[in-house]
Amino acid sequence: MTPASTTTDTPVPTTTPASTTTDTSRHPSKYEDVFVYTIEERDNQGRSLLHVAYPVTEQEAINERMEGIAEAFIDEFRTVAAEQEAAYQKYLRETGEEAASFATHYVQHFDVAVADADLISVAVEQYRFRGGTTGSTDVTGYLFDREAGVELSLEDLFVEDTYLERLSALSRTELEQALQEEMQEFDFETESAREEWLAGRRSMLEDGTKPDPENFDGILFLEDGTLRIMFDRYQVAPGSEGIVSVDLAANDIADLLVPQMQHLLGVSPEAAATAVPSPTSTPSTTPDGGVQSRVDCTEVACVALTFDDGPSVYTDRLLDVLWSHEVPATFFVLGRSARIQPKTVARMAREGHEIGNHSWSHPNMQDLSDTVIREEICKTNKLVVQISGASPTHFRPPYGAYDEGVIDAARMPIILWSLDTLDWKDRDADLIAERMDQALAGMIILAHDIHDTTVAAIPTVIESLSSRGIHFVTMTDLVGPPGLVPGQVYHHGPAPR
Ligand code: ZN
């Protein structure tokens with residue numbers, strides 16, 4: 001927990017001829033006979049980044065459809081990246097300054113829900129960042145009769161025209177319930193503030209669930225026949241909620257399905273007639289708008305990678321590593337360093353990492369008055385909001401030094417750690433990797449993104465812990481529901497029983 005080294009602005013890059021690097025790979029997925037094909041492109045000194053993954057099956061017709069979707073996405077990426085780069089070069093010539101806001105990031109992931117001999121259900125999620133401050137995330141579901149290789153449309157699945165009204169009504173009930181729960185989490189200053197919030201969210205929810213086929217293009221069938229409806233980012237909730245999904249139990253919709261679908265999913269309308277209506281769903285979202293449901297760290301092994309004292313000149317390299325491995329982390333930033341490198345902090349938030357508060361200037365909080373503690377924390381929170389649009393949700397006291405006075409004054413959840421890499425003392429990537437490799441489920445790993453040796457250790461650590469089945473999560477996901485509580489001190493998260 002050493003104070004941050006002095007950071008300087010990175011020099012203006014010279015304009016070198018663009019060189020594109022493209023990597024492709026193909027590897028097995030967890031589903032039988034489904035492979036993952038990935039394409040990665042990096043161009044314009046890293047300002048243009050593309051990562052596309054799509055499924056490859058034994059059925060040529062399905063592959064062609066999936067390839068077509070990927071190709072259209074890649075073409076669009078190249079066009080946008082070229083436009084952005086031209087704008088960047090113009091800006092550079094005119095001002096002599098680099099500007100991260102010209103970056104183009106396109107990412108496509110997919111998730112296979114049902115993959116058996118009869119049916120394959122694929123959700124394709126596309127993230128587009130074309131400069132500015134936020135990107136968009138769209139998710140679309142595709143369903144195929146696997147044997148025939150025929151794509152099934154929404155009309156193919158349901159018996160009557162009324163299915164859209166039913167899906168709309170069922171989704172609204174679920175989302176309304178989630179909204180009521182979310183409302184309980186907030187302290188509204190006045191009753192009218194509460195009503196205004198609720199009215200805003202409700203109108204968004206109702207617009208996004210109108211019985212229109214476009215609103216229900218993100219449909220996925222899970223293995224137990226559950227129908228998952230995924231709504232695009234911003235469709236039914238603010239962008240910070242990412243992709244919102246609603247699960248409808250098979251029995252609640254069995255009577256709507258055509259006999260072929262009932263058979264494929266193994267549900268029967270008889271079961272539906274006798275079933276007690278049980279809305280089992282909970283909307284799930286991920287910070288990066290990922291399709292996969294949030295990891296439950298009481299069920300699977302998780303660790304939280306946390307980095308203190310940054311951002312520094314090494315942080316962007318670390319972000320590149322985390323990005324390419326799709327690993328989220330939590331950064332406890334110093335306000336004074338965030339002020340020097342706001343673009344790096346904005347990037348952390350954009351790429352799905354969590355930002356925590358590590359004070360403004362790294363003092364020992366126990367030596368300070370309540371007023372000064374408040375200043376150190378509030379000034380940093382305010383700056384992070386300005387840069388990233390979201391306030392840090394937790395605090396790590398410098399040197400891990402705290403007492404009751406610090407806890408009271410901070411008014412935030414206090415995050416400590418359970419595995420100290422001592423990376424400030426030993427500047428040795430192999431040794432740091434070895435120490436991190438000792439991590440067990442539930443641990444919070446303390447490291448610092450102000451040392452190049454720490455950043456150098458991370459790729460090895462990610463590969464080695466992943467191969468042991470350990471998931472990397474943010475602090476919020478590690479702790480899980482009901483969430484981090486202000487005034488509480490966390491040394492570790494839960495571990496599966
Ligand atoms: Zn520190």
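# Long-range contacts, a zinc site and a disulfide

Among contacts (heavy atoms within 4.5 Å) in the protein chain between residues at least 6 apart in sequence, 66% join residues at least 24 apart. This is a predicted model: local features need pLDDT of at least 70, side-chain atom pairs count only at pLDDT 80 or more, and totals for chains, interfaces and linings use all residues. Residues are numbered from 1 along each chain as its sequence is written, and side-chain values use heavy atoms, with hydrogens and water left out.

Q: What percentage of the residues in the protein chain is buried?
A: Buried means under 20% relative accessible area, exposed over 50%, and partly exposed in between (1.4 Å probe, protein chains only). The chain has 497 residues, and the buried share is 51%.

Q: How many helices and strands are there in the protein chain?
A: Both are DSSP runs numbered from the N terminus: helices are H or I with at least four residues, strands are E with at least two. On that basis the chain has 15 helices and 18 strands.

Q: How far apart are the end C-alpha atoms of helix 1?
A: The expected span of a helix is 1.5 Å times one less than its number of residues. Helix 1 (residues 60-95) has 36 residues, so it should span 52 Å. Just after helix 1, Gly96 takes a positive phi of about 70 degrees. The end-to-end distance of helix 1 agrees with expectation, at 51 Å.

Q: Which strands are included in what covers the buried residues of helix 3?
A: Helix 3 (residues 163-184) has 22 residues and reaches 32 Å, close to the 32 Å expected. Its buried residues include Tyr163, Leu164, Leu167, Glu174 and Met183. Their cover includes helix 2 (154-157) and helix 4 (191-208), along with strand 8 (219-221), strand 9 (227-231) and strand 10 (244-248).

Q: With which residues is Thr226 in contact, leaving aside its neighbours within four places in sequence?
A: Thr226 is found in the loop between strand 8 and strand 9. At 10% relative accessibility, Thr226 counts as buried. Beyond those sequence neighbours, its contacts are Leu220, Phe221, Asp247, Leu248 and Ala250.

Q: Which residue is the bridge partner of Thr22 in strand 2?
A: Two strands pair if DSSP finds at least two bridges between them. Strand 1 (residues 21-28) and strand 2 (residues 35-43) pair in the antiparallel sense over 8 bridges. They form a hairpin with 6 residues between them, and Asp33 in the turn has a positive phi of about 60 degrees. Within this pairing, Thr22 partners Glu41.

Q: What is the handedness of the β-α-β unit made by strand 11, helix 8 and strand 12?
A: Strand 11 (residues 302-308) and strand 12 run parallel, joined by 3 bridges. A crossover is right-handed if, with the strands pointing away from the viewer, the path from the first strand over the helix to the second runs clockwise. With helix 8 (residues 315-325) between the strands, this unit is right-handed.

Q: Which residues point the other way from Thr330 and Phe332 in strand 12?
A: In a regular strand the side chains alternate between the two faces of the sheet. Strand 12 (residues 330-333) is buried on both sides, with Thr330 and Phe332 pointing one way, opposite Phe331 and Val333.

Q: Which residue in strand 13 is the bridge partner of Val333?
A: Strand 12 and strand 13 (residues 354-357) run parallel, joined by 4 bridges. On its other neighbour, strand 12 offers Phe331 as the partner of Phe307. In strand 13, Val333 is matched by Asn357.

Q: Which residues coordinate the zinc ion?
A: Donors are N, O and S atoms within 2.8 Å of the metal (3.2 Å for Na, K and Ca); water is not among the atoms, so sites may look incomplete. Here the distances are 2.1 to 2.2 Å, and the residues are Asp309 (OD), His358 (NE2) and His362 (NE2).

Q: How many residues apart in sequence are the parts tied together by Asp309 and His358?
A: The donor spacing is D-x48-H-x3-H. Asp309 lies in the loop between strand 11 and helix 8, and His358 in the loop between strand 13 and helix 11 (370-388), so the pair ties together parts whose separation is 49 residues.

Q: What distance separates the C-alpha atoms of Gly400 and His358?
A: Gly400 is found in the loop between helix 11 and helix 12 (404-410). Its relative accessible area is 19%, so Gly400 is buried. Gly400 and His358 are 42 residues apart along the chain, with a C-alpha separation of 9.9 Å.

Q: Is the link of Cys297 and Cys302 left-handed or right-handed?
A: A disulfide is a pair of cysteine sulfur atoms within 2.5 Å. The sulfur atoms of Cys297 and Cys302 are 2.2 Å apart, and both residues are buried. With -90 degrees about the S-S bond, the link is left-handed.
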